[in-house]
Amino acid sequence: MPTTFPSSVAEAISDTVQDCRRRGWTVAETTNGVCLITDEQTSAIELTGALAATVRRYLRANNLSGPVIEIPGPQRREIHLVVGAAKAAMAISALRAVGAIVHTDGASIPLPPTRLSAGSACWGISPSEARRVSPVVAIAAAVRVAESGRKPHLSDLAS
């Protein structure tokens, strides 16, 4: 039996699909909403807890914020959409070493307003608010700063 969404949710899903396709992203409609399908151009980094909060502050302070999806649940979960994963093996390895989940190669990422078991995904920073999609190395730099306990500074990107 097909799922029927209230018209406002259906319109939001339609808007999300159109916006993503304009950006060149691959999307798939699901029973619960819409998902971004990662590919060689666009990937995602999932962070949780205090690390997610610190990374978000670092990116904001250094004007590197890209689109961020907030996933509902008992612990903070954020998914940063990123570019450049194909050429960032060391950064991806470092991210995985601290517990980040790296979504690549056809992984499905729930886009707002997709319904999940604990609520609906929502934009922490929408694609229209972001100046760009962050490079994966920027997320890795932010994680490195967060893990070292230092205050974030733009000069940390060069190290």
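V82 sits across from S134 of β11, in a stretch where β5 and strand β11 (residues 134–135) run parallel and are joined by two bridges. Strands here are DSSP runs of E with at least two residues, helices are runs of H or I with at least four residues, and both are numbered from the N terminus. Two strands count as paired if DSSP finds at least two bridges between them. The model is a predicted one, in which local features need pLDDT of at least 70 and side-chain atom pairs count only at pLDDT 80 or more, while totals for chains, interfaces and linings use all residues. Residues are numbered from 1 along each chain as its sequence is written, and side-chain values use heavy atoms, with hydrogens and water left out.

Strand β5 (residues 77–83) has other partners too. Strand β3 (residues 42–48) runs antiparallel to β5, with seven bridges joining them; within this pairing, A44 has L81 of β5 as its bridge partner. Strand β4 (residues 68–71) is also antiparallel to β5, this time through four bridges, and V68 is matched with H80 in β5. β4 and β5 make up a hairpin with five residues between them, and G73 in the turn takes a positive phi of about 155°. As for cover, five of the seven residues of β5 are buried, so the strand is mostly covered, where buried means under 20% relative accessible area, exposed over 50%, and partly exposed in between (1.4 Å probe, protein chains only).

Elsewhere there is an open sheet of three strands, antiparallel in its pairing and ordered β1-β2-β7. Its edge strands, β1 (26–29) and β7 (108–111), each pair on one side only. On average, neighbouring strands of this sheet are turned by 35° against each other, direction ignored; the axes are lines fitted to C-alpha atoms, for helices over the stretch in contact, and angles run from 0 to 180 degrees between N-to-C directions. Strand β2 (residues 34–37) pairs with β7 in the antiparallel sense over four bridges, and S108 in β7 is the bridge partner of I37.

Zooming out, the protein contains four helices and eleven strands. It has 159 residues, and 43% of them count as buried. About 8300 Å² is exposed, with carbon and sulfur atoms supplying 53% of it; the areas come from the Shrake-Rupley method with a 1.4 Å probe, and for residues only the protein chains shown count as cover. Among contacts (heavy atoms within 4.5 Å) with a separation of 6 or more, 73% are between residues 24 or more positions apart.

Then there is the nonpolar packing. A nonpolar core is taken as a set of buried Ala, Val, Leu, Ile, Met, Phe, Trp, Tyr and Cys residues joined through side-chain atoms within 4.5 Å. The largest one has 24 residues, and I45, L47, L59, L95 and I139 have the most contacts inside it. Two or more residues each come from β3, α2 (49–61), α3 (89–97) and α4 (136–148), with α4 giving the most, at eight residues. Setting aside neighbours within four places in sequence, I45 touches a list of residues including I79, V82, L95, V136 and I139. A second, separate core of 15 residues includes W25, V27, L81 and I109.

On the charged side, the structure holds six salt bridges, each defined by a side-chain nitrogen of Lys or Arg within 4 Å of a carboxyl oxygen of Asp or Glu. R77 and E46 meet in one of them, at 2.8 Å from N to O. This pair ties together distant parts of the chain, with R77 in strand β5 and E46 in strand β3, 31 residues apart. The two ends sit in unlike settings: R77 is partly exposed at 32% relative accessibility, whereas E46 is buried at 7%. E78 and R76 form another salt bridge, at 2.6 Å from N to O. Salt bridges that share partners join R56, E70, R76 and E78 into one network. Of these residues, E78 is buried with a relative accessible area of 1%, while R76 is partly exposed at 38%. R23 pairs with D19, with the closest N and O atoms 3.1 Å apart, and R23 itself is partly exposed, at a relative accessible area of 35%.
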